[in-house]
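Trainee: I should like a close look at a single part of this structure. Please state the cut-off for each term where you use it.

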Amino acid sequence: MTKTTNQRLEFTKALAQEAAELGVKLRAEHGEDFISEKGTQDFVTFADQALEDLIRARLTEAFPEDSILGEESGLSGDGAGYWVIDPIDGTANYMRGMPEWGVCIAYYDGTDIQCGVVSAPDMNMLCWASKGGGAWMNGERLQVSDCSEPTRSVLTLGWSSRRPTTHYTQLVGTLLENGMEYRRNGSCCISMLTVATGRTEGYFELHVNAWDAFAAIPIITEAGGLVQSDPLDQFVKQGSVILATCPGMTEPFSEATDITRWAAE
């Protein structure tokens, strides 16, 4: 029997919380081999794989007809619908005991992201959204910022080694020259949640993978924000540039980040 979006959402909320609690527990119990490196400033912990294994097992049991795409183990299944998961987004923060990390789970039906959940236990945040169902944090409805003044705005930034560092540094200069502020916290999902909660006016990164962003995209759009990226069918396969904004800052941030140029590359 085909599951409804609401059934998927409620299942996902419980699963994200379960995985986040496991992440907190494993970090507290970590041993000498808890952390390894995938590349320069690119870390993975024992917990990343353990959480993904848990999420995959639960999803496979509950939704055997669906495919699963995860950061650690790639794509499994041949269903048209995807569960897109990042067991720990912000691993470098997580392993250092910093709070900006989250468990991300989204359901993408092959056309649109039907629901997304982010659990950030160190920040006491459980955020979720379903298409047409609004965006929520800990039971309270979310709404993006109503700011439309560049000199009162904040844009959170991500940095990707897959794109030229010079564009990132030039972007910082452009923002400051135009009276805009910026922040960088090392987690795509947490940065995107600052937009959904109205704490910042936007988020930009030159390249993110689907598992980093898909869970937070509907949370932003259902909170009244806008997300610019490559088409989702391309995004899920090869990642994308991304710009998420409140409506009043869409044009200024689009111009400052040169989003049209990067979306075309």
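Mentor: Helices (H or I, at least four residues) and strands (E, at least two) are DSSP runs, numbered from the N terminus. Just after helix 4, Gly179 takes a positive phi of about 80°, and the stretch around this residue is a suitable place to start. The model is a predicted one, in which local features need pLDDT of at least 70 and side-chain atom pairs count only at pLDDT 80 or more, while totals for chains, interfaces and linings use all residues. Residues are numbered from 1 along each chain as its sequence is written, and side-chain values use heavy atoms, with hydrogens and water left out.

Helix 4 itself covers residues 165–177, which makes 13 residues. Its expected span (1.5 Å times one less than its number of residues) is 18 Å, and the C-alpha atoms at its ends lie 19 Å apart, which agrees. Five of its residues are buried, namely His167, Tyr168, Leu171, Val172 and Leu175. Viewed down the axis of helix 4, the buried residues fall within an arc of 140°, so they line one face of the helix. Here buried means under 20% relative accessible area, exposed over 50%, and partly exposed in between (1.4 Å probe, protein chains only); the arc is that of the directions from the helix axis to the C-beta atoms.

Let us turn to the sheets. Strands of a sheet pair through backbone hydrogen bonds, either parallel or antiparallel. Two strands count as paired if DSSP finds at least two bridges between them. One open sheet has five strands in the order 12-11-13-15-14, with mixed pairing. Strand 12 (181–183) and strand 14 (226–229) are its edge strands, since each pairs on one side only. On average, and with direction ignored, neighbouring strands of this sheet are turned by 20° against each other. Within the sheet, strand 13 (residues 202–208) and strand 15 (residues 240–245) pair in the antiparallel sense over five bridges. Along this pairing, Glu205 stands opposite Ile242 in strand 15.

Helix 5 (residues 188–196) packs on this sheet and touches strand 11 (154–157), strand 13 and strand 15. Contact means heavy atoms within 4.5 Å. The direction of helix 5 makes about 150° with that of strand 13; for such values, axes are lines fitted to C-alpha atoms, for helices over the stretch in contact, and angles run from 0 to 180 degrees between N-to-C directions. Helix 9 (residues 250–257) lies across strand 11, strand 13, strand 14 and strand 15, and runs at about 150° to strand 15.

One residue of helix 9 deserves attention, namely Thr250. With a relative accessibility of 15%, Thr250 counts as buried. When its neighbours within four places in sequence are left aside, Thr250 is in contact with Leu226, Gln228 and Thr245. Leu226 and Gln228 fall in strand 14 (226–229), and Thr245 falls in strand 15 (residues 240–245).

Helix 5 also leads to another sheet. Helix 5 lies across strand 5, strand 6, strand 7 and strand 8, running at about 105° to strand 7. These strands belong to an open sheet of eight strands with the order 4-3-5-6-7-8-9-10 and mixed pairing. At its edges stand strand 4 (74–76) and strand 10 (140–141), each with a single partner strand, so one side of each has no neighbour in the sheet. Strand 7 (residues 113–120) and strand 8 (residues 125–130) pair in the antiparallel sense over six bridges, and the bridge partner of Val118 in strand 8 is Cys127. Helix 2 packs on this sheet as well, touching strand 3, strand 4, strand 5 and strand 6, with its direction at about 155° to that of strand 5.

Helix 1 completes this account. Its 24 residues (residues 5–28) should span 34 Å at 1.5 Å a residue, and its end C-alpha atoms are 35 Å apart, which agrees. Its buried residues are Arg8, Leu9, Thr12, Lys13, Leu15, Ala16, Ala19, Ala20, Gly23, Leu26 and Arg27. The elements that cover these buried residues include helix 2, strand 5, helix 3 (91–96), strand 6, strand 7 and strand 8. Strands 5, 6, 7 and 8 are therefore contacted by helix 5 and also help to cover the buried residues of helix 1.
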